[in-house]
2 protein chains.
Amino acid sequence: MGLLVVGSIALDSVATPFGETADAPGGSAVFFSAAGAILHPVQIVGVVGSDYPQGVLQALEARGVDLAGVERVPGESFRWKAKYSYDLSSRETLETRLGVFAQFRPKLPDKFRDARYVFLGNIDPDLQLGVLDQVRRPTLVACDTMNYWIHSKRDLLLELLRHIDILMINDSEARELSGDWNIYRAAQWVLARGPRMAVIKQGEHGALLVNSETTFKVPAYPLQEVFDPTGAGDAFAGGFMAYLACTDDVSPANLRRAMVYGAAMGSFAVEAFGIQGLEHVMAADLRARVRAFKELVHFDVDEGGQTP
Amino acid sequence: MGLLVVGSIALDSVATPFGETADAPGGSAVFFSAAGAILHPVQIVGVVGSDYPQGVLQALEARGVDLAGVERVPGESFRWKAKYSYDLSSRETLETRLGVFAQFRPKLPDKFRDARYVFLGNIDPDLQLGVLDQVRRPTLVACDTMNYWIHSKRDLLLELLRHIDILMINDSEARELSGDWNIYRAAQWVLARGPRMAVIKQGEHGALLVNSETTFKVPAYPLQEVFDPTGAGDAFAGGFMAYLACTDDVSPANLRRAMVYGAAMGSFAVEAFGIQGLEHVMAADLRARVRAFKELVHFDVDEGGQTP
């Protein structure tokens, strides 16, 4: 089943207490693809400047990412520079240079228009709506956004919510969007505006899947070493959507499994800088980590009557 | 199996965005007992002043709390006054009046000395060690502490760690004690100093049980309304220890269940002010909430090979 992602293809310069990178592959569509391709072929739509390293794109292609939707145009690629605090709990953006991304208008190659699983990475909601106009009959559309769009393009974002199945945002974004600090009420606020489900990413505390009937929580994987949190949310989205695409099953039980595959991808992502943590993950590694998640949360309810 | 708690018996005046209390029953031993007694009789050791409402103690007694270890001495009871932030994420202590608690020296009635499950609430580690000298052959000893003792009585606290089975503290305390901001490394630091297990309470994010072999995570129960977080940690401890006491089973599988019973008690505690949230909980309510926790985290690993 076709799996499509639209988002940024960037060059990141990130400093953490454990090291730093300069112009390393990054951006929401790249993290999504690096994770998703471990499970399922990914169709990527984005734009790069004339300076974007061809080797990065070739490496993605070699892993099953279809680059037919990547435009290369004259100018500079999107660059992002940030520094994390000593405990990785916060980060400061030092520089954002949009470059060719400022003029990005996603155009889907015809063969991408039949994609059944669609992820709209964090870009202008106007462009996200434009992508939806181009896909024919998606089974499931998930969408990310950020505080910037919540404030500057709220009406368009609310329009977008009427056309997607899953809003996938982090907890602070859910609070800002809904105006409610209680995360479960914030999720209900989202559901009342169109999406059938809300996925709320909580960083080191995992993620929630909320629909009108039930809430599912997956914790973050217990890691004694975290090197770089960048891209964890997009890797999560990549694992989640690719698992759904490769199983082509959106039943409640399978959505829960998809959450765990997403959390597993996020955990691999943060174990190294940039996309390096995802580059050598094999399907067997992923399955082992999913079983470790089961071990992390599993308990049997005592139905035998030992308890008063 | 005898279940013993030593800790504070206080009068709390708490303000949250949803209301306030004045001189309401509180203190670690009271929250522990109010929760624990839902599952198992509790023996409480503490001190009250001449002003402590007899009705509060009688209500506990009526629910199965043995007051033989509660001293009433001339003077004022321990009073604590605090105010929570609008989102309940932080609180400010406005006043602490130790009163008769300042001279508290726990003395166990002889019948309490055979307790098999012992919880040392957050008091001076010197007194916690004194309690351990008085119990004969406990099966399991768990202990809480706080930043104040971590800084002022570190050596005694480290001595105490050599004599207990479980250190049960919150995440910021684990970080301060170990000097490590990574919570999983902090837990390993604790294990290297004596306890077989560390239970790390994470407030709205649940709790972790860590031993040398495994980590178990229980999330917090998804609540759209939280009224007063005071005492949630002690209610957690009460549920955890009382479940172990009533099953008299410290196997790994049962310790996981005990964590869930603890989290369930914590969730009832925060749904109302002070101990009110615990006063009308029946065993059936508790079992229903434990099943809801199962629903919250349960997923089946796909072993059928749908996944590549």
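Chain B is superposed on chain A by a rotation of 180° with 0.0 Å of shift along its axis (RMSD 0.0 Å); the fit is by least squares on the C-alpha atoms of residues with pLDDT of at least 70 in both copies. The two copies are therefore related as by a two-fold rotation axis. This is a predicted model, in which local features need pLDDT of at least 70 and side-chain atom pairs pLDDT 80 or more, while totals for chains, interfaces and linings use all residues. Residues are numbered from 1 along each chain as its sequence is written, and chains are lettered from A in the order in which they are written.

In the interface, 35 residues of chain B are in contact with 35 residues of chain A (contact: C-beta atoms, placed from the backbone, within 7 Å). Of the interface residues of chain B, 100% are also interface residues in chain A, so the copies meet through the same surface. The largest share on the chain B side, 7 residues, comes from α11(B). The table divides the chain B side by residue class.

| Class | Residues of chain B |
|---|---|
| Nonpolar (Ala, Val, Leu, Ile, Met, Phe, Trp, Tyr, Cys, Pro) | 17 residues |
| Polar (the others, Gly among them) | 8 residues |
| Charged (Asp, Glu, Lys, Arg) | 10 residues |

Chain B also holds an open sheet of 9 strands with mixed pairing, in the order β6-β5-β1-β9-β10-β11-β12-β13-β14. Strands are DSSP runs (E, at least two residues) and helices likewise (H or I, at least four), numbered from the N terminus; two strands pair if DSSP finds at least two bridges between them. β6 (65–73) and β14 (215–218) of chain B stand at the edges with a single partner strand each, so one side of each lacks a neighbour in the sheet. β5 (residues 42–49) of chain B pairs with β6(B) in the parallel sense over 7 bridges, and B:Gly46 has B:Val70 in β6(B) as its bridge partner.

How values were computed. Two residues are in contact if their C-beta atoms, placed from the backbone, lie within 7 Å.
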